[in-house]
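Let's take a walk through this structure together, going from its sheet to its open and closed spaces and then to one of its helices. Have the sequence and the model side by side as you read.

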Amino acid sequence: MAAGSATILGCLGPVLSADEAAFFAETQPWGFILFARNVENPGQLRRLTGDLRASVGREAPVLIDQEGGRVQRMGPPNWRQWRPALDQVMTAGRDRAARSMFLRARLIAHELHDVGIDANCAPLADVARESTHPVLRNRLYGHDAPGVIGAARAVAEGLMAGGVLPVLKHLPGYGLGEVDSHQTLPRVAAPLEELRAVDFAAFRPLADLPMGMSAHIVYEAVEDGLPATMSPRLIDLIRQEIGFDGLLMTDDLSMGALPGPLAERAALSRQAGCDIVLHCNGDRAEMEEVVSASGGLTGRAKSLADAALAARRRPEPLDIDAAEADLAALLNGQVYG
């Protein structure tokens, strides 16, 4: 596939196999994503990220979900264990939340960049409700759009200062989701006025970020049948009403929320307007199906992908001891999980 595949793919374990390397060399996914199954220690992780890039012959982006709290693929004893984001924001208080989240993200970026990871699936701009499903709720940054916006911007800036690209999620908002999209499809019946005033409003000021991730969720006020990832109407809303003009990737295609076989999910996501398809579990047969259905990275999608990579920059200097002391002062000494 001369243009390269419009996919981000995973591998099965902590070492890239010869078969996986050959598959990636042939299909040329745009990037890679890592999970806990791929992580053992810093030396192993540096070798893996290097081998993944070597397999495609370029400085492909390597992504991870390192939000902190329950969703972090790298943890003790080699990396810091963070508290859930909502706990940290509540502890810091409204006036100090954004600064605390910047410092957290800057320290996370330092750990990621050190092992060759240059994109993090954060920040989250979903607005928490009391009804938000527990799989998501304590990962969020607040209960109203202004607070979420400030913390999310701080996370994005902290990551970028550390040489790591942020991935804004979950567009156009998952805070009203009351079921776990890893298992089943959330449906939201809220009126469009509420969505615009709260959920979409939290994403608009962050629309300049270089990468974003779609939500596997149905918004009945806009599209009664398809989840946002596969809905041309909702992708158009993300682009036009919210104004997001970065590279838009899907959430993981393997999640239980999406209907139909994998090839159909991939094809419909691309047809709806997603630029890149994400497939995470490293299963070879599934990856072949997804790559075949996703097509090549061409046209506007390629331009946005190139622009995202161009936003990568060298890390700024960091005094780790000072950053940790500043964070501890903001959180009354309660920094880690």
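Strand 3 (residues 62-64) and strand 6 (residues 119-120) run parallel and are joined by two bridges, where two strands pair if DSSP finds at least two bridges between them. L63 has A119 of strand 6 as its bridge partner. Helix 2 (residues 42-56) packs on the sheet here, touching strand 2 and strand 3, and its direction makes about 165 degrees with that of strand 2. Such axes are lines fitted to C-alpha atoms, for helices over the stretch in contact, with angles from 0 to 180 degrees between N-to-C directions. Helices (H or I, at least four residues) and strands (E, at least two) are DSSP runs, numbered from the N terminus.

A word on what you are looking at: this is a predicted model, in which local features need pLDDT of at least 70 and side-chain atom pairs count only at pLDDT 80 or more, while totals for chains, interfaces and linings use all residues. Residues are numbered from 1 along each chain as its sequence is written, and side-chain values use heavy atoms, leaving out hydrogens and water.

Now step back to the whole sheet. It is open, has eight strands in the order 11-9-7-6-3-2-1-12, and its pairing is parallel. Strand 11 (247-249) and strand 12 stand at the edges with a single partner strand each, so one side of each has no neighbour in the sheet.

Next, follow strand 1 (residues 5-9). Five of its five residues are buried, so the strand is largely enclosed by the rest of the structure; buried means under 20% relative accessible area, exposed over 50%, and partly exposed in between, with a 1.4 Å probe and protein chains only. In a regular strand, side chains alternate between the two faces of the sheet. Here S5, T7 and L9 point one way, and A6 and I8 the other. Strand 1 pairs in parallel with strand 2 (residues 29-34) over three bridges, and S5 stands opposite P29. Between these two strands the chain passes through helix 1 (residues 18-27), in a right-handed β-α-β crossover: with the strands pointing away from the viewer, the path from the first strand over the helix to the second runs clockwise. Strand 1 also pairs in parallel with strand 12 (residues 277-279) over three bridges, with T7 opposite V277.

What about the spaces? The largest pocket holds about 370 Å³. Of its 26 lining residues, R73, R139, H182, D251 and M255 are the closest to its centre. The largest cavity holds about 60 Å³, and helix 4 (97-114) gives the most to its lining, with four residues. On a 1 Å grid over the protein atoms alone, a cavity is a set of points where a 1.4 Å probe fits but cannot get out, and a pocket is an open set with protein on both sides within 12 Å along at least five of seven lines; lining residues have an atom within 4 Å of a point. Grid points are joined across faces, edges and corners, and a volume is the space filled by probe spheres set on the points.

Finally, look at helix 8 (residues 232-240), where L234, I235, L237, I238 and R239 are buried. Its buried residues pack against several elements, including strand 7, helix 7 and strand 11, with contact meaning heavy atoms within 4.5 Å.
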